[in-house]
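Colleague: I would like a close look at one part of this model, set against the whole. Please keep it plain and give each cut-off when you use a term.

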Amino acid sequence: MIVNMILAVDDKMGIGKEGSIPWECQAHTDFFNKITRSSIVLMGRKTFDSLGRNKFRKRKNVVVTSDKIKNINCIEDPEQFIKHYIDSDKELFIIGGSSLFNKYAKYTETIYVTRIPEDCECDVFVSGKIFFKKVVRTTDWLTKDVVLETYTKK
Ligand SMILES: NC(=O)c1ccc[n+]([C@@H]2O[C@H](COP(=O)([O-])OP(=O)(O)OC[C@H]3O[C@@H](n4cnc5c(N)ncnc54)[C@H](OP(=O)(O)O)[C@@H]3O)[C@@H](O)[C@H]2O)c1
């Protein structure tokens, strides 16, 4: 299984505020929808709540929680889940939130980071350490202001 990660961060490494994302970035949303299509998307329970408990269509949605959610694939242990599928040809995207980004970056081959160029006064952050030390890093412009960085071990 190929494990990737996709996120958007503000200039303080913030990813969320009061249970949602405090910016609108259509370019990131379009990129997210394109790149994760047909893949497995793995998210924490609070991220799932932030979607209004709506699944992403055309993707297999998996939620990490110690609880059960009706009609949703729930798992308790992402490590076990990744190891179980490691030899399959499936592609998995870790899509948040901070607990998953910070803990499971080590399993990822590629991290896609959209940089929002402002301080959005977030209350949830990711660690700068999630970005690999030895990487091929490419930078692209999604729009005039918004940069996409790709970190890959390949
Ligand atoms: N900017 C972005 O790219 C982006 C992406 C996604 C989310 N967000 C934002 O991030 C915020 C949510 O992130 P968050 O870090 O607060 O929460 P989160 O990671 O989405 O969810 C945390 C919950 O996930 C479950 N969980 C996580 N790791 C677990 C583990 N190893 N074992 C068992 N359960 C585990 C637990 O659920 P239970 O309590 O049910 O057991 C935990 O309370 C929101 O503001 C959201 O909008 C931003």
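What percentage of the 154 residues of the protein chain counts as buried? After that, please take Leu-148 in strand β10: which residues is Leu-148 in contact with, leaving aside its neighbours within four places in sequence?

Modeller: The model is predicted, so local features are used only at pLDDT of at least 70 and side-chain atom pairs only at pLDDT 80 or more, while totals for chains, interfaces and linings take in all residues. Residue numbers start from 1 along each chain as its sequence is written.

Of the 154 residues, 29% count as buried. Buried means that 20 or more other C-beta atoms lie within 10 Å of a residue's own; exposed means 12 or fewer, partly exposed is in between, and the C-beta atoms are placed from the backbone.

First, the setting. The protein chain has four helices and 10 strands. Both are DSSP runs numbered from the N terminus: helices are H or I with at least four residues, strands are E with at least two. In sequence order the pattern is β-β-α-β-α-β-β-α-β-α-β-β-β-β. The radius of gyration is 15 Å, close to the 15 Å that the globule rule gives for 154 residues, so the chain is as compact as a globular protein of that length. That radius is taken over C-alpha atoms, and the rule is 2.2 Å times the number of residues to the power 0.38. Along its principal axes the C-alpha trace spans about 40 × 35 × 25 Å.

Now strand β10, which covers residues 147–152. Strand β10 runs antiparallel to β7 and is joined to β7 by six bridges. Two strands pair if DSSP finds at least two bridges between them. Two of these partnerships can be named: Val-113 has Glu-149 as its bridge partner in β10, and Tyr-112 stands opposite Thr-150.

Strand β10 is also joined to β9 (residues 136–141), again antiparallel and over six bridges. There, Thr-138 stands opposite Thr-150. Strands β9 and β10 form a hairpin, with five residues between them.

Strand β7, in turn, pairs with β1 in the parallel sense over six bridges. In that pairing, Asn-4 has Thr-110 of β7 as its bridge partner.

Within strand β10 sits Leu-148. Leu-148 is partly exposed, with 19 other C-beta atoms within 10 Å. Leaving aside its neighbours within four places in sequence, Leu-148 is in contact with Phe-31, Tyr-112, Thr-114, Asp-140 and Leu-142. A contact means that two C-beta atoms, placed from the backbone, lie within 7 Å. For Leu-148 and Thr-114, 34 residues apart along the chain, the C-alpha atoms are separated by 4.4 Å. Long-range contacts are a large part of the chain's total: residues 24 or more positions apart account for 69% of the contacts with a separation of 6 or more.

The wider fold can be read from its core. In soluble globular proteins, nonpolar side chains tend to be buried together. Here the largest nonpolar core has 30 residues, and those with the most contacts inside it are Met-5, Leu-7, Leu-42, Phe-93, Ile-94 and Phe-101. Such a core is a set of buried Ala, Val, Leu, Ile, Met, Phe, Trp, Tyr and Cys residues joined through C-beta atoms within 7 Å. Each of β1 (2–9), β3 (40–44), β4 (60–64), β6 (91–94), α4 (98–104) and β7 (110–115) supplies at least two of its residues. Strand β7, the partner of β10, is thus on this list. The largest share, six residues, comes from β1.

Leu-42 illustrates the packing there: not counting residues up to four places away in sequence, Leu-42 touches Val-62, Val-64, Pro-78, Leu-92, Phe-93, Ile-94, Ile-95 and Leu-100.
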